[in-house]
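Trainee: Got a minute to walk through this one with me? I'd like to get a feel for the fold before I set anything up.

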Amino acid sequence: MLCCANGAEKQVKQSIAAAGWRLAFSRPGFVTAKHDQQMPLPGGTFIRTAAHSIGHLKGADGETQVTRLVELLDETFAGGRTFDQLHVWPRDRLPIGKFGFEPGVDEVSKLVAQRVHTALADRWVRGDQPNRIAEPGERVLDLVLVDPDDWMIGWHTAAKWHSRWPGGVQPIEPQYEPISRAYYKAAESITWSGFDFAPGDVVVEIGSAPGGACGRLLELGLKVIGIDPAEMDERIANHPRFKHLRARAGDLPRREFRNVKWLLADSNVKPEKTLTTIEHIVTHRECSLAGMLLTMKLGNYDAAGRIDAWLEQIQTWNPVDVQVRQLARNRCEVCIAVQLR
């Protein structure tokens, strides 16, 4: 069973079809598939979470659902099988951003998680609380609320960061109220990429206004250069480790990028234009960038076919590694992590 952003189901289905997966039950933000052979869980740009399905419980009141879940585990794992963590979350019922919707654990799933954990803690789940961040190698029991009375049950082994977070959404508590949701996008992209951002490093953000992502970068102790013709929030503009260049990145002399170690780009322009601007920076003889996190706007999911062309252009920059993923906090867009050294 696979979770994705509401609207990305077609891209998920296309990505697994070539490996012989046959589609089964699906809803917006949620896809299930079967295979005739033993296969590893599928992954891909638009797959947020993946789990081995155990069963489907629907239509009963909450207490009966919990009882049926215990019975399902008894039937499936007759010899006993303990899980390290319990993750409970809802599918994305709306496209991200529509009516303010954000993915992740909501109040209903919190209540369900606590009740289920109480019922399973003595025998099935070791963790002291539901929806903890799993450690690599831990076995996770997954419960997806397709609807409040419609539960899909599965399991997976935690590995990369997104498989450790409940529902693939990074739990994070900001030090202060974020200026914009770009704060969460920056936080997730930095963790997912594995880039070693260290206090004192110099980072440039192209498309920085009003300062949501800069807020996260400053929290990490970085020296931040924001490039944007628009004004920055005064909390960012007045920060001693922040410098604002009120211009478009393509209009700046390349010397502005000397001694910069990291680059983030999240501009409301066509991806091809973003790549052209970035290419002029990374191919300059004085470029010393170690890595970049590039947010590429799709506009609509049918434009996902252009991603391969973007990656081909990035490969001409001789990167060490390139990753691409629709992060949980991305709207109709993807993040490309480019390691240069």
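**Strands, cores and rings**

Mentor: Sure. Let's begin with one strand pair: β13 (residues 291-297) and β15 (residues 333-339) run antiparallel and are joined by 7 bridges. Keep in mind that this is a predicted model.

Trainee: Which residue is the bridge partner of Leu 294 in β15?

Mentor: Ile 336.

Trainee: And what's the strand order in the sheet they belong to?

Mentor: β11-β10-β9-β12-β13-β15-β14, so to speak left to right: an open sheet of 7 strands with mixed pairing. β11 (242-245) and β14 (321-325) are the edge strands; each has a single partner, so one side of each lacks a neighbour in the sheet. On average, neighbouring strands are turned by 15° against each other, ignoring direction.

Trainee: Back to Leu 294. What is it in contact with, leaving aside neighbours within four places in sequence?

Mentor: Leu 263, Ala 265, Leu 275, Ile 278, Val 334, Cys 335, Ile 336 and Val 338. Leu 294 also belongs to the largest nonpolar core, which has 45 residues. Along with Phe 46, Ile 206, Ile 227, Leu 263, Ile 278 and Met 292, Leu 294 touches the most other members.

Trainee: Which elements give two or more residues to this core?

Mentor: On the strand side, β9 (202-206), β10 (223-227), β12 (262-265), β13 and β15. The helices are α1 (9-17), α8 (271-282) and α9 (307-315). Apart from that core lies another of 23 residues, including Trp 192, Phe 197, Met 232 and Ala 290.

Trainee: Switching topic: how many aromatic pairs does a search of the whole structure find?

Mentor: 8. Take Phe 77 and Trp 124: they form a tilted pair, 6.4 Å centre to centre with 50° between the planes.

Trainee: Where do those two lie?

Mentor: Both are in loops. Phe 77 is in the one between α2 (62-76) and β6 (85-90), and Trp 124 in the one between α3 (107-120) and β7 (139-147), so the pair ties together parts 47 residues apart in sequence.

Trainee: Is Phe 77 buried or exposed?

Mentor: Buried, at 9% relative accessibility. Trp 124 is buried too, with a relative accessible area of 2%. Ring pairs also link Phe 77, Phe 83 and Trp 124 into a cluster.

Trainee: What about Phe 195 and Trp 262, stacked or tilted?

Mentor: The ring centres of Phe 195 and Trp 262 are 5.4 Å apart and the planes are at 25°, so that pair is stacked. Phe 195 sits in the loop between α5 (182-193) and β9, while Trp 262 is in strand β12, so parts 67 residues apart in sequence are tied together. Phe 195 and Trp 262 are both buried.

Trainee: And the sheet with β6 and β7, what's its order?

Mentor: β5-β8-β7-β6, an open sheet of 4 strands, again with mixed pairing. The edges are β5 (52-58) and β6; each has a single partner strand, so one side of each has no neighbour in the sheet. β6 and β7 run parallel and are joined by 6 bridges. Within that pairing, His 87 has Asp 142 in β7 as its bridge partner.

Trainee: Which strands does α2 touch?

Mentor: α2 packs on the sheet against β5, β7 and β8 (150-157), with its direction at about 145° to that of β5. α3 packs on the sheet too, touching β6, β7 and β8, and its direction makes about 150° with that of β6.

Trainee: Last one: what does UniProt annotate at residues 180-266?

Mentor: The unreviewed entry has "domain: Ribosomal RNA methyltransferase FtsJ" there. In the model, that stretch is 28% helix and 21% strand, with its end C-alpha atoms 13 Å apart.

Key
Residues numbered from 1 in each chain as written. Predicted model: local features only at pLDDT ≥ 70, side-chain atom pairs only at ≥ 80, totals over all residues. Heavy atoms only, no water. Pairing = 2+ DSSP bridges. Axes fitted to C-alpha atoms, helices over the stretch in contact; angles between N-to-C directions. UniProt positions renumbered as here; feature names shortened; annotations may be inferred. Core = buried A, V, L, I, M, F, W, Y, C linked by side-chain atoms within 4.5 Å. Buried < 20%, exposed > 50% of the residue type's maximum accessible area, 1.4 Å probe, protein only. Contact = heavy atoms within 4.5 Å. Phe/Tyr/Trp six-rings, centres within 6.5 Å; stacked < 30°, edge-to-face > 60°.
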